[in-house]
Amino acid sequence: MRQIIIIGSGPAGYTAAIYAARANLKPLLIASSVEAGGELMNTTDVENFPGFPDGVQGPELMTKMQEQAERFGTEVVYDDVESLDLTGAIKKVTLGSGETQEALSVIFATGSAYRKLGLPDEERLSGRGVSWCATCDGFFFKGKTIAVIGGGDSAMEEATFLTRFAEKVYVIHRKSELRASKIMQDRAFANEKIEFIWNSEVVGITGDEAVNGLTLRDTVSGTEASLPVGGVFIAIGNDPRTHLIHGQLDLTAEGTIAVAGRSSKTSQIGVFAAGDVIDSNYRQAITAAGSGCAASLDAEHYLSMIPQDLLATAGGTELATATN
Ligand SMILES: Cc1cc2nc3c(=O)[nH]c(=O)nc-3n(C[C@H](O)[C@H](O)[C@H](O)COP(=O)(O)OP(=O)(O)OC[C@H]3O[C@@H](n4cnc5c(N)ncnc54)[C@H](O)[C@@H]3O)c2cc1C
């Protein structure tokens, strides 16, 4: 049986692993079979992660985190977690291979997924003008004309923020009115750099090496038109990856895993959560990494409360009693 299993190989998972490994807990990290490295594998320049004054490519940053975690003894497995039993004191983690691993504690760091438009060129041009994060990428669009897709609060916030850099920001919305709160709408309407394009959906993103335009379809008349832009921000929502733990851990109203206060402690003893899966607000690599650190320290503390003589022999009930 392991002391700790970490699920997820983004900044939260690898940071948790670095701390757990340096605490001699010999963590097992389940990295995913095809999406190892997390969201930053889908981007090019990362210019806001401290320690890289000239920026760093997303995949390079994640490789360095992995190497750092492995250097101290993290075992990385490239498989997906298929199911979990988190209810007892001994946690059971079943992988795609069919193997079940057991541990006294689990850190859940599966991140969240930005909703996509589902267009053929969206992935190809990701990091080349297609973005889901104004805080991350706004700086790259200085003086450009760009578009934001969406009609909620986050679309208004992204559009308003992007006017700091862009010459002009189109907000493209499928309907004739916004979902955003009145205060966010008013702020966007008052901004001279923002122009709204109503009743329009994006049916194509164009550009060879980088985005150079959008194809829009009028949702009322069905007619299509081209809109030249140098970038597009997709702000149509974000889904925390929580399907594995439904019914086992409490969730917040936003759909993230609920944690106690500023800690990483979930509603299940011995289970901790970190990164974007608990964060509906900041969703940055550095905040995810910080949260992974906190989860590892919380898990270390939890493990240190389990009496050593019980560790060798005890079943779930005794452990649960001892740590409660
Ligand atoms: C295109 C893009 C560009 C970005 N650019 C920046 C930037 O420049 N700067 C910045 O600070 N932030 C940026 N971000 C945001 C940043 O990537 C996230 O905030 C950060 O990656 C969150 O880290 P995380 O560890 O919580 O989750 P993630 O990075 O999403 O990692 C989650 C991990 O869990 C794994 N996982 C999920 N389910 C399972 C399962 N069942 N079994 C095993 N593993 C599983 C995934 O495969 C993945 O490895 C960007 C995001 C995107 C999408």
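Helices and strands, as named here, are DSSP runs numbered from the N terminus, a helix having at least four residues and a strand at least two. The model is a predicted one.

With those names in hand, Ser126 can be placed. Ser126 sits in the loop that joins α3 (120-124) to β10 (130-131). Is Ser126 buried or exposed? Its relative accessibility is 9%, so Ser126 counts as buried, the limit for that word being under 20%. The side chain of Ser126 also has a partner: it reaches the backbone oxygen of Asn42 at a distance of 3.0 Å.

Thr266 is another loop residue, found between β18 (238-240) and β19 (271-273). Thr266 has a relative accessible area of 12% and is therefore buried. In sequence, Thr266 and Leu251 are 15 residues apart, while their C-alpha atoms are 9.1 Å apart in space.

Next come the cysteines. How many disulfides does the structure hold? It holds one. The bond joins Cys133 and Cys136, whose sulfur atoms are 2.1 Å apart. That pair counts as a disulfide because its sulfur atoms fall within the cut-off of 2.5 Å. Why is the disulfide of Cys133 and Cys136 called right-handed? The torsion about its S-S bond is about 70°, and the handedness follows from that value. The two partners can be described by their accessibility as well. Cys133 is buried, at a relative accessible area of 10%. Cys136, at 28% relative accessibility, counts as partly exposed. Another cysteine, Cys293, counts as buried because its relative accessibility is 17%.

Now to the annotated part of the chain. An unreviewed UniProt entry places the feature "domain: FAD/NAD(P)-binding" at residues 3-292. Within residues 3-292, 21% is helix and 28% is strand. The C-alpha atoms at the two ends of this span lie 16 Å apart.

The model also contains a ligand. Which residues come nearest to the ligand, out of the 32 around it? They are Ser9, Asn48, Val81, Asp276 and Ala285. By type, the shell around the ligand divides into 13 nonpolar, twelve polar and seven charged residues. Some polar contacts can be followed atom by atom. A polar backbone atom of Glu35 is 3.1 Å from an oxygen atom of the ligand. At Gln284, the side chain is involved: one of its polar atoms lies 3.1 Å from a ligand oxygen. At Ala285, a polar backbone atom is 2.8 Å from an oxygen atom of the ligand. How much of the ligand does the protein cover? Taken alone, the ligand exposes 1,000 Å², and the protein buries 97% of that area. Two or more residues of the shell come from each of the elements α1 (11-22) and α7 (285-304).

Two further residues have an unusual feature in common to look for in the backbone: a positive phi in a residue that is not a glycine. Lys26 has phi near 45°. It lies in the loop between α1 and β2 (28-30). With a relative accessible area of 52%, Lys26 is exposed, since exposed means over 50%. Ser32 has a phi of about 90°. Its place is the loop between β2 and β3 (45-46). Ser32 is buried, at a relative accessible area of 14%.

Conventions:
Residues numbered from 1 in each chain as written. Predicted model: local features only at pLDDT ≥ 70, side-chain atom pairs only at ≥ 80, totals over all residues. Heavy atoms only, no water. Buried < 20%, exposed > 50% of the residue type's maximum accessible area, 1.4 Å probe, protein only. UniProt positions renumbered as here; feature names shortened; annotations may be inferred. Near = heavy atom within 4 Å. Polar contact = N/O pair within 3.5 Å; in protein donor to acceptor, adjacent residues only side chain to side chain. Areas by Shrake-Rupley, 256 points an atom, 1.4 Å probe, with all protein chains shown as cover. Nonpolar A, V, L, I, M, F, W, Y, C, P; charged D, E, K, R; others polar.
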